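Colleague: I would like to go through the labels attached to this structure and hear what each one rests on. Please set the values against the cut-offs.

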Amino acid sequence: MSVHFDERSGVIPCKTPWGLWYQTMEDVYIEVNVPPGTSAKEIKCNLGSKQISLSVKGQEMFKGKLFGSTIEDEATWTLEDKKLIRISLMKTSREAGNCWTSLLEGEYCADPLVQEQMQKKLTLERFQRENPGFDFSSADISGNYAGGGPDFSNLGK
């Protein structure tokens, strides 16, 4: 479901000196620009459930404690066209309220506007999952969307 929602609604990227990162309710994606012609042998990538590090040609791109925990066995990285590394991390907590404010603790933080846009997108993604017959990909929301938006689970009870 997330892939189709993201294709229609786009992503909210957080730009960094080495590339960007973005998130869905379930995953965090990292895109790292590397020098053209880079080979996989020149990349050292360690993906843990709470730690991450990436070095390219002996130069550390980033290293530290992730903002949230991930499922280590589901983490992957790929080198595309010998110039872009894509890293995919599956969040342990896959709720709309689990919006990462930074990639690493205290580093690569989303500015307040980007953070607000990320939270809105995750809330709309949650609405899409709860209401599969509707299309929220072009919707906009205002008001109570922090922490995953309003809780409608008690309506009609």
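**Labels and their grounds**

Colleague: What makes E5 and E6 a pair of strands?

Modeller: Strand E5 (residues 51-56) is joined to E6 by six bridges, and the two run antiparallel. Two strands pair if there are at least two bridges between them, so six are enough. The model is a predicted one.

Colleague: Which residues stand opposite each other, and what lies between the two strands?

Modeller: Gln51 faces Lys65 in E6, and Leu54 faces Phe62 in E6. E5 and E6 form a hairpin with two residues between them. Lys57, in the turn, has a positive phi of about 50°.

Colleague: How do you know which strands are at the edges of the open sheet E4-E5-E6?

Modeller: The sheet has three strands in the order E4-E5-E6, paired antiparallel. Strand E4 (43-47) and strand E6 (59-65) each pair on one side only, and these are the edge strands. From one strand to the next, the twist averages 0°.

Colleague: Why is the pair of Trp18 and Phe62 called tilted?

Modeller: The ring centres are 4.7 Å apart, which is within the 6.5 Å limit, so the rings pair. The planes are at 45°, neither under 30 nor over 60 degrees, so the pair is tilted. Trp18 is in the loop between strand E1 (14-16) and strand E2 (19-23), and Phe62 is in strand E6, so the pair ties together parts 44 residues apart in sequence. Both Trp18 and Phe62 are buried.

Colleague: What label does the pair of Phe67 and Trp100 get, and why?

Modeller: This pair is also tilted, because the planes are at 50°, between 30 and 60 degrees. The centres are 6.2 Å apart, within 6.5 Å, so the rings count as a pair. Phe67 is in the loop between E6 and strand E7 (76-80), and Trp100 is in the loop between strand E8 (84-90) and E9. The two are 33 residues apart.

Colleague: Are Phe67 and Trp100 buried, partly exposed or exposed, and why?

Modeller: Phe67 has a relative accessible area of 33%, between 20% and 50%, so it is partly exposed. Trp100 has 0%, under 20%, and therefore counts as buried.

Colleague: How many aromatic pairs are there in the whole structure, and which residues form one cluster?

Modeller: The search finds five pairs. Trp18, Phe62 and Tyr108 form one cluster.

Colleague: Why is Cys14 not in a disulfide?

Modeller: The nearest cysteine sulfur, that of Cys109, is 7.8 Å away, whereas a disulfide needs the sulfur atoms within 2.5 Å, so the pair does not qualify. The structure holds zero disulfides. Cys14 is buried because its relative accessible area is 4%, under the 20% limit. Cys99, at 8%, is under that limit too and so counts as buried.

Colleague: Why is Gly106 called exposed, and where is it found?

Modeller: Its relative accessible area is 65%, over 50%, so Gly106 is exposed. Gly106 is found in the loop between strand E9 (102-104) and strand E10 (107-109). The C-alpha atoms of Gly106 and Leu66 are separated by 9.4 Å, with their positions 40 residues apart along the chain.

Colleague: What span does helix H2 have against the expected one, and what caps its N-terminal end?

Modeller: H2 (residues 112-130) has 19 residues and reaches 27 Å from first C-alpha to last, close to the 27 Å expected at 1.5 Å a residue. Asp111 caps the N-terminal end. A side-chain oxygen of Asp111 lies 3.0 Å from the backbone nitrogen of Leu113, within the 3.5 Å limit, so this counts as a polar contact.

Technical notes
Residues are numbered from 1 along each chain as its sequence is written. This is a predicted model: local features need pLDDT of at least 70, side-chain atom pairs count only at pLDDT 80 or more; totals for chains, interfaces and linings use all residues. Side-chain values use heavy atoms; hydrogens and water are left out. Helices (H or I, at least four residues) and strands (E, at least two) are DSSP runs, numbered from the N terminus. The expected span of a helix is 1.5 Å times one less than its number of residues. A polar contact is a pair of N or O atoms within 3.5 Å; within protein, one must be able to donate a hydrogen and the other to accept it, and residues adjacent in sequence count only if both atoms are side-chain atoms. Axes are lines fitted to C-alpha atoms, for helices over the stretch in contact, and angles run from 0 to 180 degrees between N-to-C directions. Buried means under 20% relative accessible area, exposed over 50%, partly exposed in between (1.4 Å probe, protein chains only). Rings of Phe, Tyr and Trp (its six-membered ring) pair if their centres lie within 6.5 Å; planes under 30 degrees apart count as stacked, over 60 as edge-to-face and the rest as tilted.
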